[in-house]
Amino acid sequence: MKLNTIVKYHLLIALILGLWIVAFLIIIAPFDIATVSLRNRLSMMPGYGVIFCLSYLVVFKLESLLSNKIPLNGWKREFLVVSSLFTITFFPAYIYYTSDFIQGEYNIGKFFTSIYVPVFCLILPVLVLLRWLVHKLLQNQDTWVTLGKAKYDKMRILLSNLVFIRAADNYLEINYLEGQLLRQKLIRYTLKDIKQDIPSLVQTHRCYLMNFAHFISWNNKNSIRLTLSQIPVSDTFRNSLHVLDKSHHK
């Protein structure tokens, strides 16, 4: 399966975080690692890199799944990501530290205060910087997306041209801009699949996803205006859409 640009960027973040922590532990050899030979450090420390790498991918997946239900932006979203990574990574890291392979001697409290917190503080600036760069890159480039699975039932468009998507039986109606006109195309696909492919899309109704970049205004509590169109808003998604609208205009 071809990975979309957003996923590729976050895979790169995960890889850089893993390599950064491994390089630090091997080269600097802080804490009780200083007594371990270089040869053993080369075999033991990559495990921590794998743990941080996989933990970030788990956090990214959770962030994508919750993006429509908890539409946080800016520092609130980043705080949620950082705190989730801090929590999710800790226990796998401690289990690895106390395993027969590492044979760490610190109890869980001392490991947390003397090793885990200092190391996490070390990767925090790198994490924040990488996510900021990715945010800027995604803002400044027009991403191509491929929709559909079947060989003869695909379409490739610029994300900026995608206005909204409506589920219709076993098909999706893709509403997109072509010049100054709004066009439609039916493809065999599901809302679930397309939400995984393009997590930035916002759900407004059981059958509708929209590109928030085309949001214009509210018609009333049950519908909104988009570029050259309007779509319904259901009770389930109204509050989250109001929150997203307010955060966008701050």
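Reader: How should the accessibility of a residue be read, for instance that of Arg77, and what is its relative accessible area?

Author: The value is placed between two limits: under 20% a residue is buried, over 50% it is exposed, and in between it is partly exposed. The model discussed here is a predicted one. In this model Arg77 has a relative accessible area of 23%, so Arg77 is partly exposed.

Reader: With which residue does Arg77 form a salt bridge?

Author: A salt bridge requires a side-chain nitrogen of Lys or Arg within 4 Å of a carboxyl oxygen of Asp or Glu. Arg77 meets this condition with Glu63, their closest N and O atoms being 2.7 Å apart. The two residues come from distant parts of the chain: Arg77 belongs to helix α4 and Glu63 to helix α3 (residues 46-66), with their positions 14 residues apart in sequence.

Reader: Is Glu63 buried or exposed?

Author: Glu63 has a relative accessibility of 13%, and therefore counts as buried.

Reader: What other residue forms a salt bridge with Glu63, and where does that residue lie?

Author: Arg131 also forms a salt bridge with Glu63, with 2.9 Å between the closest N and O atoms. This pair again links distant parts of the chain, since Arg131 is in helix α5 and Glu63 in helix α3, 68 residues apart. Arg131 has a relative accessibility of 8%, so it counts as buried.

Reader: Which residue forms a salt bridge with Arg131 from helix α4?

Author: That residue is Glu78, whose closest approach to Arg131, N to O, is 2.5 Å. Because Glu78 lies in helix α4 and Arg131 in helix α5, the pair ties together parts that are 53 residues apart in sequence. At 29% relative accessibility, Glu78 counts as partly exposed.

Reader: How many salt bridges are counted, and which residues are linked in a network?

Author: The count comes to six salt bridges. Glu63, Arg77, Glu78 and Arg131 are linked in a network of them.

Reader: I should now like to turn to the aromatic rings. How many aromatic pairs does the structure hold?

Author: The structure holds 19 aromatic pairs. To read one, consider the distance between ring centres and the angle between planes; planes under 30 degrees apart count as stacked, over 60 as edge-to-face and the rest as tilted. The rings of Tyr94 and Phe111 have centres 5.2 Å apart and planes at 55°, so this pair is tilted. Tyr94 is in helix α4 (residues 74-97) and Phe111 in helix α5 (residues 108-140), so the pair ties together parts that are 17 residues apart in sequence. Both Tyr94 and Phe111 are buried.

Reader: What is the arrangement of the rings of Tyr97 and Tyr106?

Author: Their centres are 6.2 Å apart and their planes stand at 45°, so this pair is tilted. Tyr97, with 3% relative accessibility, counts as buried, whereas Tyr106 is partly exposed at 22%.

Reader: Which residues do ring pairs link into a cluster?

Author: The cluster consists of Phe86, Phe90, Phe91, Tyr94, Tyr97, Tyr106, Phe111, Phe112, Tyr116 and Phe120. One of these, Phe86, is 9.8 Å from Cys121, C-alpha to C-alpha, although 35 residues separate them in sequence. Cys121 is placed in helix α5 and is partly exposed, with a relative accessible area of 47%.

Reader: How is a sheet to be read, and in what order do the three strands stand?

Author: Strands of a sheet pair through backbone hydrogen bonds, either parallel or antiparallel. Here three strands form an open sheet in the order β8-β9-β10, with antiparallel pairing. The edge strands are β8 and β10 (229-232), each of which pairs on one side only. On average, neighbouring strands of this sheet are turned by 30° against each other, direction ignored.

Reader: How many bridges join β8 and β9, and how many join β9 and β10?

Author: Strand β8 (residues 215-220) and strand β9 (residues 223-226) pair over four bridges, and Ser217 has Arg225 in β9 as its bridge partner. β8 and β9 form a hairpin with two residues between them. Four bridges also join β9 and β10, where Leu226 stands opposite Ser229.

Reader: Finally, which residues form a nonpolar patch on the surface?

Author: Leu12, Leu15, Ile16 and Leu19 form such a patch, with about 350 Å² of accessible area together. Leu19 lies in helix α1 (residues 5-27) and is exposed, with a relative accessible area of 53%.

Terms used: Residues are numbered from 1 along each chain as its sequence is written. This is a predicted model: local features need pLDDT of at least 70, side-chain atom pairs count only at pLDDT 80 or more; totals for chains, interfaces and linings use all residues. Side-chain values use heavy atoms; hydrogens and water are left out. Two strands pair if DSSP finds at least two bridges between them. Rings of Phe, Tyr and Trp (its six-membered ring) pair if their centres lie within 6.5 Å; planes under 30 degrees apart count as stacked, over 60 as edge-to-face and the rest as tilted. Buried means under 20% relative accessible area, exposed over 50%, partly exposed in between (1.4 Å probe, protein chains only). Axes are lines fitted to C-alpha atoms, for helices over the stretch in contact, and angles run from 0 to 180 degrees between N-to-C directions. Patches are made of residues with over 30% relative accessible area and no salt bridge: like charges are joined within 9 Å, nonpolar side chains (Val, Leu, Ile, Met, Phe, Trp, Tyr) within 5 Å. Accessible areas come from the Shrake-Rupley method with a 1.4 Å probe; for residues, only the protein chains shown count as cover.
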